[in-house]
Amino acid sequence: MRESCFLIHRLQKGQVLQIPVSVTMAQVQYDCSRGNHPNVSNSTASPVGHEQIQLLLNVCKEAKKSAYCPYSHFPVGAALLTCDGKIFSGCNVENACYPLGICAERTAIQKAVSEGYVNFRAMAIASNTEDDFIVPCGACRQVMREFSRDWDIYMTKPDGTYIVKTLQELLPLSFGPEDLKKF
Ligand code: THU
């Protein structure tokens, strides 16, 4: 693709973000095994670029619009970045049989895994909560942990601000696939 190509990501009516194709999607390969993240204290994976973070923030906000939440009226959107630079979106999907509802984060992970992607670099999460950053529930943290402890979770507010933590920070002393091999 030519250098001058741009990916146009629509934000809201009339508002667009232009991101050079050279830094998006499959063009970005993250080394998920080493490196140093400038913003996340414990991350040892290679950094997620500014444009890619903005894209994740926009995709999770957009995904929130698809939330099926007639019971809680609490829409959530997620955007999952794979180590190959691919982004999977997700939203919460509730059910009349309440416990069967699934969070946005797990929707995104299941979409990715079902298409053959299991190496994850980052996830961004959006909700309508104005005053607090949306944080993943305990069940989602455990599902995230299945795939690595070393990836970054961007927790946002609707105004576009965010905080970022590694999964290790969100779920310390965790149980994972390696533990099953210890006995
Ligand atoms: N929810 C998510 O999708 N992600 C979170 O991080 C927190 C909660 C959903 C689950 C349920 O559909 C609704 O929000 C209210 O809990």
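This is a short tour of a predicted model, stop by stop, with something to select at each one.

Before you click, some ground rules: residues are numbered from 1 along each chain as its sequence is written, and side-chain values use heavy atoms, with hydrogens and water left out. Since the model is predicted, local features need pLDDT of at least 70 and side-chain atom pairs count only at pLDDT 80 or more, while totals for chains, interfaces and linings use all residues.

**Stop 1: the whole chain**

Start in cartoon view. You should find four helices and seven strands in the protein chain; helices (H or I, at least four residues) and strands (E, at least two) are DSSP runs, numbered from the N terminus. Walking from the N terminus, the order is β-β-α-β-β-α-β-α-β-β-α. Of the 183 residues in the protein chain, 43% are buried. Here buried means under 20% relative accessible area, exposed means over 50%, and partly exposed is in between (1.4 Å probe, protein chains only).

**Stop 2: the core**

Now select L80, I109, M123, I125, M144, W151 and I153 and show sticks. Those are the residues with the most contacts inside the largest nonpolar core, which has 18 residues. A nonpolar core is a set of buried Ala, Val, Leu, Ile, Met, Phe, Trp, Tyr and Cys residues joined through side-chain atoms within 4.5 Å. Which elements give two or more residues to this core? They are β3, α2 (104-114), β5, β6 (152-156) and α4. Colour α2 if you want the biggest giver: four residues of the core come from this helix. In soluble globular proteins, nonpolar side chains tend to be buried together.

**Stop 3: S127 and V76**

Stay with strand β5 and pick S127, which is found there. S127 counts as buried because its relative accessibility is 1%. Then add V76 and draw a distance between the C-alpha atoms: they are separated by 4.6 Å, although S127 and V76 are 51 residues apart along the chain.

**Stop 4: salt bridges**

How many salt bridges does the rule give? The count comes to four, where a salt bridge is a side-chain nitrogen of Lys or Arg within 4 Å of a carboxyl oxygen of Asp or Glu. Three of them are worth a click:

- R145 and E178: the closest N and O atoms are 2.9 Å apart. This pair links distant parts of the chain, with R145 in helix α3 and E178 in the segment after α4, 33 residues apart. R145 is buried at 1% relative accessibility, whereas E178 is partly exposed at 35%.
- K182 and D179: here the closest N and O atoms are 2.8 Å apart. K182 counts as exposed, at 63%, while D179 is buried, with a relative accessible area of 19%.
- K65 and E62: the closest N and O atoms sit 3.2 Å apart. K65 is exposed at 56% relative accessibility and E62 is partly exposed at 32%.

**Stop 5: surface patches**

Switch to surface view. Patches are made of residues with over 30% relative accessible area and no salt bridge; like charges are joined within 9 Å, and nonpolar side chains (Val, Leu, Ile, Met, Phe, Trp, Tyr) within 5 Å.

Select E130, D131, D132 and D159 to bring up a patch of negative charge. For charges, Lys and Arg count as positive and Asp and Glu as negative, with His and the chain ends not counted; the place of a charge is taken as NZ of Lys, CZ of Arg, CG of Asp or CD of Glu. D131 is in the loop between β5 (120-127) and α3 (138-145) and counts as exposed, at 66% relative accessibility.

Next, select Y68, Y71, V93 and Y98, a nonpolar patch with about 430 Å² of accessible area together. Areas come from the Shrake-Rupley method with a 1.4 Å probe; for residues, only the protein chains shown count as cover. Y71 sits in the loop between α1 and β3 and is partly exposed at 35% relative accessibility.

**Stop 6: positive phi**

Last, two backbone oddities. H73 is not a glycine, yet has a positive phi of about 55°. Look for H73 in the loop between α1 (50-64) and β3 (76-82), where H73 is exposed with a relative accessible area of 61%. Then jump to L173, also not a glycine, with a positive phi of about 50°. L173 is in the segment after α4 (167-170). Is L173 buried or exposed? At 88% relative accessibility, L173 counts as exposed.
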